[in-house]
Amino acid sequence: MSGVDILTSLTAAMASGTIKVVDLTQPLEPKTPVLQLPPEYVQNPPFELHNLSEYDERGPAWYWNWFKCGEHTGTHFDAPIHFVTGKDYENNATDTIPVEKFIGPACVLDAVAEVEKDPDFLITIEFVEEWEKQNGRIPAGAWVLFRSGWSKRLDPEEFQNMKEDGAHTPGWHPDVIPFLAEQRDVLGAGVETVGTDAGQAFGFDPAFPCHVLMHGANKFGLASLTNLDQLPATGAIVIAPPLKIVRGSGSPLRVLALVP
Ligand code: 23J
Ligand code: MN
């Protein structure tokens, strides 16, 4: 099929509902949860929205705002430059990553049942290999998405799940990141939690393995995703282009999935 035929079929399928567009993005507002790091580090401030004018004397026919937030706020993209392990790659920031890398097939790993039993559940190589027995090998250039059910926790306290010893939220076992990055050559990893690493990952070896090892392999992250329960295990396409912030380490973004 020619490129024209493929895109004509695609637009027709989207118009008829044969292919649906699913929004994987959380609302961005002052109450949007942000990552809490250990107290010795600088913290990410909450999102702020400031009114410029609203059909008033400041601008009689227009409404607009300005906003302030960290690059890693709400549903957001992690670029390789975000971590020291990824800092020396070429084209490792939001403005320079080749745009082809923002679109890829989704492999959705469902561990809702495991996470219900254990909020600290980690996806292991064995878990991925079992998934591949059911669904086929993860193709190169795929987004690997961890469906944990965590986005159903609408109460911010439950979403953060902060205890005296830090947050208790699911994530990736340190061993599975090199497996996904090198053996499977994925685009990156996406999660429903506030950051791509588990809540207890500050104490792993290495600390923050998804950040350290994914970005160390020039791969990406997507955090605070939702609606992963509307995706099939395979067959959807994820579109996740960050803002073109010059030398940005990441950005809030709209993440969409095309779902058959
Ligand atoms: C800064 C430092 C450590 C981490 C993070 C940010 C994130 O999770 C993030 O949003 O990238 S682990
Ligand atoms: Mn981030």
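How far is an oxygen atom of ligand 1 from an N or O atom in the side chain of histidine 82? The answer is 2.6 Å, and it opens a few notes on this model, which is a predicted one.

1. Start with the ligand. Besides histidine 82, the side chain of histidine 76 has an N or O atom 3.1 Å from an oxygen atom of ligand 1. Aspartate 78 joins in too, with a polar side-chain atom 3.4 Å from a ligand oxygen. On its own, ligand 1 would expose 320 Å², and the protein buries 85% of that.

2. If you want to click through the surroundings of ligand 1, the residues around it are Leu35, Leu37, His72, His76, Asp78, His82, Phe83, Gly195, Phe208 and His211. Keep Phe83 and Phe208 in mind, as they come back below.

3. Now the rings. The structure holds nine aromatic pairs. One of them joins phenylalanine 77 to tryptophan 143, edge-to-face, with 6.4 Å from centre to centre and 80 degrees between the planes. Phenylalanine 77 sits in strand S4 (residues 76–78) and tryptophan 143 in strand S7 (residues 143–147), so this pair ties together parts that are 66 residues apart in sequence.

4. Are those two rings buried or exposed? Phenylalanine 77 has 0% relative accessibility, so it counts as buried. Tryptophan 143 also comes out at 0% and counts as buried. Both belong to a cluster, in which ring pairs link Phe77, Phe102, Trp143 and Phe220.

5. Back to the two phenylalanines beside the ligand. The ring centres of phenylalanine 83 and phenylalanine 208 are 6.3 Å apart with their planes at 75 degrees, so this pair is edge-to-face. Phenylalanine 83 is in the loop between S4 and strand S5 (103–110), while phenylalanine 208 is in the loop between strand S11 (188–191) and helix H6 (209–216), so the pair ties together parts 125 residues apart in sequence. Phenylalanine 208 counts as partly exposed, at 25% relative accessibility.

6. A ring also meets a charge: the charged end of arginine 153 sits over the ring of tryptophan 150, 3.8 Å from its centre.

7. Last, the cysteines. Why is there no disulfide between cysteine 107 and cysteine 210? A disulfide is a covalent bond between the sulfur atoms of two cysteines. The sulfur closest to that of cysteine 107 is in cysteine 210, 15 Å away, which is too far for a bond. The disulfide count is zero. As for accessibility, cysteine 107 is buried at 3%, and cysteine 210 is buried at 2%.

Technical notes
Residues numbered from 1 in each chain as written. Chains lettered and ligands numbered in written order. Predicted model: local features only at pLDDT ≥ 70, side-chain atom pairs only at ≥ 80, totals over all residues. Heavy atoms only, no water. Phe/Tyr/Trp six-rings, centres within 6.5 Å; stacked < 30°, edge-to-face > 60°. Helix = DSSP H or I, 4+ residues; strand = E, 2+ residues; numbered from the N terminus. Buried < 20%, exposed > 50% of the residue type's maximum accessible area, 1.4 Å probe, protein only. Lys NZ or Arg CZ within 6 Å of the ring centre and 35° of its normal. Near = heavy atom within 4 Å. Polar contact = N/O pair within 3.5 Å; in protein donor to acceptor, adjacent residues only side chain to side chain. Areas by Shrake-Rupley, 256 points an atom, 1.4 Å probe, with all protein chains shown as cover. Disulfide = S-S within 2.5 Å.
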